[in-house]
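Reader: I should like to learn how the features of a model such as this one are read. May we begin with the cysteines?

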Amino acid sequence: MNEALRASWATLGIPESVLVEKRLTLYDEAEALVDAEIGEDGRVWQLTPAASLAWHAMRDAAAEDGIVLRIASAYRGTSRQVALIQRKLNAGQPIDAILQVLAPPGCSEHHTGRAIDVYTPGGPVVEEAFETMPAFAWLQANAGRFGFTLSFPRDNPYGYVYEPWHWCFQPTLLA
């Protein structure tokens, strides 16, 4: 772990032992990013070029089946991760609870530019109820064809809550 990351963890009150206890991975931040989608609010969501191509192919295939998929979150750097955690700490949430819903800085798949949080218009956004949507059923049946996997199923080994909306592009699945 580099010194900047170590300092961020210390400031947030995250013990370094969490890395081993939760079997987390330190990810390098994506360097090459492209605009993958513009949200309804005008926010630009970025992914690596390969993940963006796979996302567009998957989104288009879903549309052909009558399923609308949109990005609720994509690439975010470690500084954004720090800010998200700090906001929850400022709201009085304990760090242990926060680390069930957010990865420590440096450990989020979103840093890679390959992770997306998906929703369907009119449906729940980054909520467990997404699993009741036809979009989730479609993703379960089809996402693997495009190299995407569900990162945090129920009872995942990382101690994160179940996230039916969080999918990560794994290029090795397409090899």
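Author: A disulfide is a pair of cysteine sulfur atoms within 2.5 Å. The model shown here is predicted, and the structure holds zero disulfides.

Reader: Why is Cys-107 without a disulfide bond?

Author: A disulfide is a covalent bond between the sulfur atoms of two cysteines. The closest cysteine sulfur to that of Cys-107 belongs to Cys-168 and is 14 Å away, which is too far for a bond. The converse reading agrees: for Cys-168 the closest cysteine sulfur is in Cys-107, again at 14 Å and too far for a bond.

Reader: Is Cys-107 buried or exposed, and is Cys-168 buried or exposed?

Author: A residue counts as buried when its relative accessible area is under 20%. Cys-107 is buried because its relative accessibility is 6%. Cys-168 is buried as well, with a relative accessibility of 1%.

Reader: Let us turn to the overall fold. How many helices and strands does the protein have, and in what order do the elements run?

Author: The protein has six helices and six strands. Read from the N terminus, the elements follow the order α-α-β-β-α-β-α-α-β-α-β-β. The radius of gyration is 16 Å, close to the 16 Å given by the globule rule for 175 residues, so the protein is as compact as a globular protein of that length. Along the principal axes, the C-alpha trace spans about 50 × 35 × 30 Å.

Reader: Which share of the contacts with a separation of 6 or more joins residues 24 or more positions apart?

Author: Such pairs account for 63% of those contacts in the protein. As for burial, 46% of the 175 residues are buried.

Reader: How should the surface and the charges be described?

Author: The protein exposes about 8,700 Å², of which carbon and sulfur atoms supply 52%. Its side chains include 13 positive and 21 negative ones, and the centres of the two sets lie 2 Å apart.

Reader: Where is Ala-51 placed, and which residues is Ala-51 in contact with beyond its neighbours within four places in sequence?

Author: Ala-51 belongs to helix H3, residues 49-64. With a relative accessibility of 0%, Ala-51 counts as buried. Leaving aside neighbours within four places in sequence, Ala-51 is in contact with Gly-113, Arg-114, Phe-148 and Phe-169. Separation along the chain may also be set beside distance in space: Ala-51 and Glu-37 are 14 residues apart along the chain, and their C-alpha atoms are separated by 12 Å.

Reader: What may be said of the loop that holds Gly-123?

Author: Gly-123 lies between strand S4 (115-119) and helix H6 (134-142). Gly-123 is buried, its relative accessible area being 17%. The C-alpha atoms of Gly-123 and Pro-134 are separated by 9.9 Å, with the two positions 11 residues apart along the chain counted as their separation. Val-126 also lies in the loop between S4 and H6. At 39% relative accessibility, Val-126 counts as partly exposed.

Reader: What is the phi of Val-126, and what is the phi of Asp-155?

Author: In Val-126, phi is near 45 degrees, a positive value in a residue other than glycine. Asp-155 is not a glycine either, yet its phi is positive, at about 55 degrees. Asp-155 is found in the loop between strand S5 (148-150) and strand S6 (166-169). Asp-155 counts as exposed, because its relative accessibility is 79%.

Methods:
Residues numbered from 1 in each chain as written. Predicted model: local features only at pLDDT ≥ 70, side-chain atom pairs only at ≥ 80, totals over all residues. Heavy atoms only, no water. Buried < 20%, exposed > 50% of the residue type's maximum accessible area, 1.4 Å probe, protein only. Helix = DSSP H or I, 4+ residues; strand = E, 2+ residues; numbered from the N terminus. Rg over C-alpha atoms; globule rule 2.2 N^0.38 Å. Contact = heavy atoms within 4.5 Å. Areas by Shrake-Rupley, 256 points an atom, 1.4 Å probe, with all protein chains shown as cover. Lys, Arg positive; Asp, Glu negative; His and termini not counted. Charge placed at Lys NZ, Arg CZ, Asp CG, Glu CD.
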